Amino acid sequence: MPRIPIFRLGQSSEELLPPLLCSYSPELSLSGLQLGVDNLRHDVYLSPKFAQQARFQITRLIVRAGNLEGLLAAAEKPAVPSPNRFVAPSMSLKPRTQPEPPELKPLLSAIHLASLNQAKDARNIQIDLLGRSAILKFLRAEISVQYVQVLERCRTNLTLLDGVRQQKSLEFRDRVAAFQVSKRKILRQTGQEIFRTLREIEKETLARMRRSLFGNERDAEYQLFLNPLIFTDDGQDAHLNAEHYVMLGNSERDPDGFANVRRIAIDFLQSLAVETAVENDRTWDGWLNVPENAHELLGSGNDDDATLKGRSQKARLVAWLDLLEQENVMELIAASYEAVPLLAEYSTLVSAQQLKNSLVMREERERVQKLIEQQGKFSLGGLRTAADRLANCRGTERTKVAGRFFRDFLRYHRDLR
């Protein structure tokens with residue numbers, strides 16, 4: 001573990017206890033497997049039956065998230081012949097029954113167990129790591145593919161409904177328009193539902209079986225598959241980040257954007273040491289990938305002043321807050337936490353970033369308030385209460401927010417990597 005030898009921030013005259021920081025770099029090693037026919041990559045074959053059933057279940061999740069249940073099925077229902085129309089015995093109107101495909105959880109459980117059993121037979125855990133990677137790659141790709149196909153079905157049905165049932169056509173057109181506008185939200189909800197299912201399977205079945213076969217071998221690599229960001233394109237979904245980490249700015253130009261906050265965190269780490277064995281981006285990156293380093297550096301905020309370690313952690317926490325204040329990002333950080341409870345109420349009207357910024361910037365708040373008032377269905381009480389809490393966030397409470405942010409940022413940094 002690299003050791004930061006001297007602490008230079010703060011006003012204390014005593015030499016503070018240097019922290020011991022751990023380093024981590026995410027890695028998935030498949031070096032023990034033979035390459036495929038092109039000698040560049042590994043070959044994975046997923047059952048066509050699994051692929052077909054998984055696509056069906058992903059489509060169901062997308063339809064549910066897009067609020068198209070019932071409407072899509074009704075639009076595609078064949079017309080019933082009139083009572084006067086002759087129907088031959090061979091033209092029975094009763095639909096042919098087909099077996100229901102398995103639900104998503106047992107379907108994914110079966111494919112993962114098959115991968116693990118194949119690894120057991122070959123006595124090589126890397127086969128299972130490769131299988132898990134291939135399943136994730138398939139699921140990630142199919143979420144986008146099935147969204148496009150559902151949208152195409154909607155457009156086809158709109159064409160069929162035009163001029164036939166005007167009221168139904170208008171209703172369907174509005175729902176399809178909402179489906180398109182909510183694309184990012186629908187993909188996020190679908191991905192998170194699949195992620196929760198995979199996490200349950202890991203906890204209930206796979207982890208126990210894998211450890212019985214291979215012990216704790218490669219546990220760190222299996223943690224890569226339990227990453228909340230794994231079904232996002234770029235790891236910058238404001239709603240997901242607000243739920244699991246902290247809502248940073250979307251743009252690199254934002255004061256609280258990821259790149260700028262990372263620079264501030266590195267400046268903080270550099271300020272703790274006179275010298276380090278190796279000063280490069282890889283060193284800082286490794287330290288920022290370990291959330292436990294946040295406690296080692298800053299403590300919990302309630303540390304005992306009677307111990308040298310406790311005094312050192314408190315001094316570093318104050319120094320970290322001072323640095324955030326100097327960089328003019330502390331207000332946005334505190335606002336990002338205050339905005340989380342407001343998302344469920346106002347997110348249909350304003351974006352998550354706009355909601356956060358409205359708590360800090362008066363002009364933005366006035367703009368958001370007008371939108372809420374024009375809608376007429378929502379109260380301004382929640383927004384005003386959050387703005388008041390932010391204005392009163394001072395002293396010890398503000399210091400605790402700074403400490404919480406450092407821990408959340410390190411978790412996000414690791415999972416984004």
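**Note on cavities, pockets and cores in the predicted model**

1. The structure holds three cavities of 30 Å³ or more, and the reader should keep in mind from the start that this is a predicted model. The largest of the cavities has a volume of about 80 Å³, and the second largest has a volume of about 60 Å³.

2. The largest cavity is lined by His112, Arg132, Ile135, Leu136, Leu198, Ile201, Leu206, Phe225 and Leu226. Helix H4 (125-161) and helix H6 (183-214) each contribute at least two residues to this lining, which divides into seven nonpolar residues, one polar and one charged.

3. The lining of the second largest cavity is made up of Gln236, Ala238, Asn241, Met247, Leu248, Gly249, Asn250, Phe258, Gln353 and Tyr412. Here the residues divide into five nonpolar and five polar, with no charged residue in the lining.

4. Turning to the open spaces, the largest pocket holds about 700 Å³ of space. Of the 28 residues that line this pocket, Gln223, Leu224, Phe225, Asn227 and Asp415 are the closest to its centre. H4 and helix H17 (395-416) each supply at least two residues of the lining, and H4 gives the most, with four residues. By type, the lining of the largest pocket divides into 14 nonpolar, six polar and eight charged residues. Phe225 thus appears in the lining of the largest pocket and also in that of the largest cavity.

5. The second largest pocket contains about 570 Å³ of space. Of the 21 residues in its lining, those closest to the centre are Lys185, Arg188, His239, Ser347 and Val350. H6, helix H8 (238-244), H13 and H14 are the elements that give two or more residues to this lining, and H6 gives the most, with five residues. The lining of the second largest pocket divides into seven nonpolar, eight polar and six charged residues.

6. Which residues touch the most other members of the largest nonpolar core? Among the 58 residues of this core, they are Trp320, Leu324, Leu359, Phe405 and Phe406, while H13 gives the most to the core, with nine residues. When neighbours within four places in sequence are left aside, Trp320 is in contact with Ile264, Ala265, Phe268, Leu298, Ala402, Phe405 and Phe406. A second, separate core of 47 residues includes Ala51, Ile201, Tyr222 and Phe225. As background, nonpolar side chains tend to be buried together in soluble globular proteins.

7. In helix H16 (residues 381-391), the residues Leu383, Ala386, Ala387 and Leu390 are buried. These residues lie on the same side of H16, because they cover an arc of only 100 degrees around the axis. The buried residues of H16 pack against helix H13 (330-346), helix H14 (352-358) and helix H15 (362-375).

8. Ala387, whose place is in helix H16, can be examined individually. Is Ala387 buried or exposed? Ala387 counts as buried because its relative accessibility is 8%, and the cut-off for that class is under 20%. Not counting residues up to four places away in sequence, Ala387 touches Leu359 and Arg365. The C-alpha atoms of Ala387 and Leu359 are separated by 5.2 Å, although these residues stand 28 residues apart along the chain. Leu359 is also one of the residues that touch the most other members of the largest nonpolar core.

Methods
Residues numbered from 1 in each chain as written. Predicted model: local features only at pLDDT ≥ 70, side-chain atom pairs only at ≥ 80, totals over all residues. Heavy atoms only, no water. Buried < 20%, exposed > 50% of the residue type's maximum accessible area, 1.4 Å probe, protein only. Arc of directions from axis to C-beta. Contact = heavy atoms within 4.5 Å. 1 Å grid on protein atoms, 1.4 Å probe; cavity = no way out; pocket = protein on both sides within 12 Å on 5 of 7 lines; lining within 4 Å. Points joined across faces, edges and corners; volume = space filled by probe spheres on them. Nonpolar A, V, L, I, M, F, W, Y, C, P; charged D, E, K, R; others polar. Core = buried A, V, L, I, M, F, W, Y, C linked by side-chain atoms within 4.5 Å.
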